[in-house]
Amino acid sequence: MEKNQVPANWFVDVLKLGVAKAYGGELDGDPLAWQEDALCAQTDPEAFFPEKGGSTRDAKRICAQCTVRAECLEYALKNDERFGIWGGLSERERRRLRRRA
């Protein structure tokens, strides 16, 4: 595998792991179909999960150009994702957003 290639199975489908209604309980179609259009799937996944104190700049730059950014953020908030950059926001930024809501 080339250095900049992302494995085809990079995204984990939580619905197939037995987590009932993990994405709002949608039954029509694939609720995670937005991931197919996600720019992060075409880049280095490590950029989206930086080490503690690591830079989030590269991941956020990619997110800013992504057409499914809103869906990604919605997924992260609904599923209480505690790690990584989702929808252009870090864990800390998502936590602040939840507190304001």
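On the surface of this predicted model, a patch of positive charge is formed by Lys 52, Arg 92, Arg 95, Arg 96, Arg 99 and Arg 100. One of these residues, Arg 92, belongs to helix α3. With a relative accessibility of 53%, Arg 92 counts as exposed, because the cut-off for that class is over 50%.

The aromatic residues give a second topic. The structure contains two aromatic pairs. In one of them, the rings of Trp 34 and Tyr 75 stand 5.9 Å apart, centre to centre, with 55° between their planes, and the arrangement is tilted. Trp 34 is located in the segment before α1 (57-65), whereas Tyr 75 is part of helix α2 (residues 69-78); the pair therefore ties together parts that are 41 residues apart in sequence. Trp 34 has a relative accessibility of 7% and so counts as buried. For Tyr 75 the corresponding value is 2%, and this residue therefore counts as buried.

Tyr 75 also pairs with Trp 86: their ring centres are 5.4 Å apart and their planes meet at 35°, so this pair is tilted. Since Tyr 75 lies in helix α2 and Trp 86 in the loop between α2 and α3 (91-100), the contact ties together parts that are eleven residues apart in sequence. Both partners, Tyr 75 and Trp 86, are buried.

Taken together, the ring pairs join Trp 34, Tyr 75 and Trp 86 into a cluster. Through its pairs, this cluster brings in the segment before α1 and helix α2, together with the loop between α2 and α3.

Technical notes: Residues are numbered from 1 along each chain as its sequence is written. This is a predicted model: local features need pLDDT of at least 70, side-chain atom pairs count only at pLDDT 80 or more; totals for chains, interfaces and linings use all residues. Side-chain values use heavy atoms; hydrogens and water are left out. Rings of Phe, Tyr and Trp (its six-membered ring) pair if their centres lie within 6.5 Å; planes under 30 degrees apart count as stacked, over 60 as edge-to-face and the rest as tilted. Helices (H or I, at least four residues) and strands (E, at least two) are DSSP runs, numbered from the N terminus. Buried means under 20% relative accessible area, exposed over 50%, partly exposed in between (1.4 Å probe, protein chains only). Patches are made of residues with over 30% relative accessible area and no salt bridge: like charges are joined within 9 Å, nonpolar side chains (Val, Leu, Ile, Met, Phe, Trp, Tyr) within 5 Å. Accessible areas come from the Shrake-Rupley method with a 1.4 Å probe; for residues, only the protein chains shown count as cover. A salt bridge is a side-chain nitrogen of Lys or Arg within 4 Å of a carboxyl oxygen of Asp or Glu. Lys and Arg count as positive and Asp and Glu as negative; His and the chain ends are not counted. The place of a charge is taken as NZ of Lys, CZ of Arg, CG of Asp or CD of Glu.
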